[in-house]
Amino acid sequence: MVLITLVSSDEQNFPVERELLKQSGTIETLIVNMNLDDEDTDAAAMPIPLPNVKGDVLEKVIQWMEHHKGDPVKEGDNEDNNAEIVVPQWDDDFFKPAMYGSKHLELTVAASYLDIKNLLTLSCKAISNTFKGKTGPQIREEWGVPNEFTPEEEEAIRKENEWSE
Amino acid sequence: MDESDGSSRMEALAPELLKEILEKCSLNDQLRLRSTCRRIKTCLTPHISHLSAPEECTITRMSLRKLHNSIHISVDIDDVAVAQHFIALGDRAIRQWKRKDNEKVRSIYRYRFTDTDLFN
């Protein structure tokens, strides 16, 4: 089993099975460009620095990739926006401890940076699921977003929405 | 990606990621989410067709009725986007209400109008 070492922004090393990294478009491109697949060169032993991903987040990303090993890798942006995305139970449980917190957002940002399309889609959907049936003030409170609106602006939004809800 | 760079806060999320999350919400959730913060409102509003009042629209029925000390304007709203044109009308009314008749919604606006005012 070929292992490739990923290095997080806080200098933690994560040896990861080569096969798993095919899920990440960013890492896959780096591996190809740096000839890391060529076992006859010194490059093969070279660690891959990920200066935008902290260790605790990278650990979660690797955990997710391990569970989804062998899943078909989504390519391109030809997602059918009309198709309802269902977050499988395992993934729902995986995202839950980080709900309403910065960790879930960090994981989403990491999925985008590492170009792991399935993780990005499910993570975004899991966040959007937490918004279901909630009002703006409730979401502000849960996610710690400051209120920028005047009462008049809030009233204007309410009136605009009135006919559509 | 520490908290100090802002990427771990909802209001500082990159626009493409915010869009990716918001477009996965239902229409009703998107409408409500607009009152979270300006950024979310700006991101969502152009994509909600119900909120874009058409430049030109046809009203199938509009009536004016004089009552004691008031006049009533009633409009049949056949399209939710058209209703956006009538928000300002409602702002000036002393009372506003709706009547639902199957698929049709009639919006009624009441304005103060004394008997001494002209009504020609």
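Two strands are taken to pair if DSSP finds at least two bridges between them. On that criterion, in the predicted model described here, strand S1 (residues 3-7) of chain A is joined to strand S2 (residues 13-17) of chain A by five bridges, and the two strands run antiparallel. Within this pairing, A:Leu3 has A:Glu17 of S2(A) as its bridge partner. The connection between S1(A) and S2(A) is a hairpin with five residues between the strands, and in its turn A:Glu11 adopts a positive phi of about 65°.

The residues of S2(A) can be divided by face, the covered one comprising A:Phe14 and A:Val16, and the uncovered one comprising A:Asn13, A:Pro15 and A:Glu17. Such a division accords with the general rule that in a regular strand the side chains alternate between the two faces of the sheet. A:Glu17, the bridge partner of A:Leu3, thus belongs to the uncovered face of S2(A).

Further along chain A, helix H4 (residues 102-113) packs with helix H5 (residues 117-130) at an angle of about 150°, the axes of the two helices being 9 Å apart. Because angles over 145 degrees count as roughly antiparallel, this value makes H4(A) roughly antiparallel to H5(A). The crossing of H4(A) and H5(A) is left-handed. By class, the contact between these two helices has seven nonpolar and four polar residues, with no charged residues. On the side of H4(A), the residues concerned are A:His104, A:Leu105, A:Thr108, A:Ala111 and A:Ser112, and these meet A:Leu119, A:Leu120, A:Ser123, A:Cys124, A:Ala126 and A:Ile127 in H5(A).

The loop between H4 and H5 of chain A holds A:Asp115, a residue that has a positive phi of about 55° although it is not a glycine. With a relative accessibility of 29%, A:Asp115 counts as partly exposed, since that class lies between the buried limit of under 20% and the exposed limit of over 50%.

In chain B, the secondary structure comes to five helices and four strands, which follow the pattern α-α-α-β-β-α-α-β-β when read along the sequence. Buried residues account for 41% of the 120 residues in chain B. Of the contacts in chain B between residues at least 6 apart in sequence, 45% join residues at least 24 apart.

The four strands of chain B form an open sheet in the order S1-S2-S4-S3, with antiparallel pairing. The edges of this sheet are taken by S1 and by strand S3 (95-101) of chain B, each of which has a single partner strand, so that one side of each is left without a neighbour in the sheet. Direction ignored, neighbouring strands of the sheet are turned by 20° against each other on average. In general, the strands of a sheet pair through backbone hydrogen bonds, either parallel or antiparallel. For S1(B) and S2(B), which run antiparallel, the pairing consists of six bridges, and B:Leu64 stands opposite B:Ile73 in S2(B).

The loop between strand S1 (62-67) and strand S2 (70-77) of chain B contains B:Asn69. Phi of B:Asn69 is near 60°, a positive value in a residue other than glycine. The relative accessibility of B:Asn69 is 34%, and B:Asn69 therefore counts as partly exposed.

Definitions and conventions. Residues are numbered from 1 along each chain as its sequence is written. Chains are lettered from A and ligands numbered from 1 in the order in which they are written. This is a predicted model: local features need pLDDT of at least 70, side-chain atom pairs count only at pLDDT 80 or more; totals for chains, interfaces and linings use all residues. Side-chain values use heavy atoms; hydrogens and water are left out. Axes are lines fitted to C-alpha atoms, for helices over the stretch in contact, and angles run from 0 to 180 degrees between N-to-C directions. Angles under 35 degrees count as roughly parallel, over 145 as roughly antiparallel, 65 to 115 as roughly perpendicular and the rest as oblique. A crossing is left-handed if the near helix is turned anticlockwise from the far one by less than a right angle, and right-handed if clockwise. Contact means heavy atoms within 4.5 Å. Ala, Val, Leu, Ile, Met, Phe, Trp, Tyr, Cys and Pro count as nonpolar, Asp, Glu, Lys and Arg as charged, and the others, Gly among them, as polar. Buried means under 20% relative accessible area, exposed over 50%, partly exposed in between (1.4 Å probe, protein chains only).
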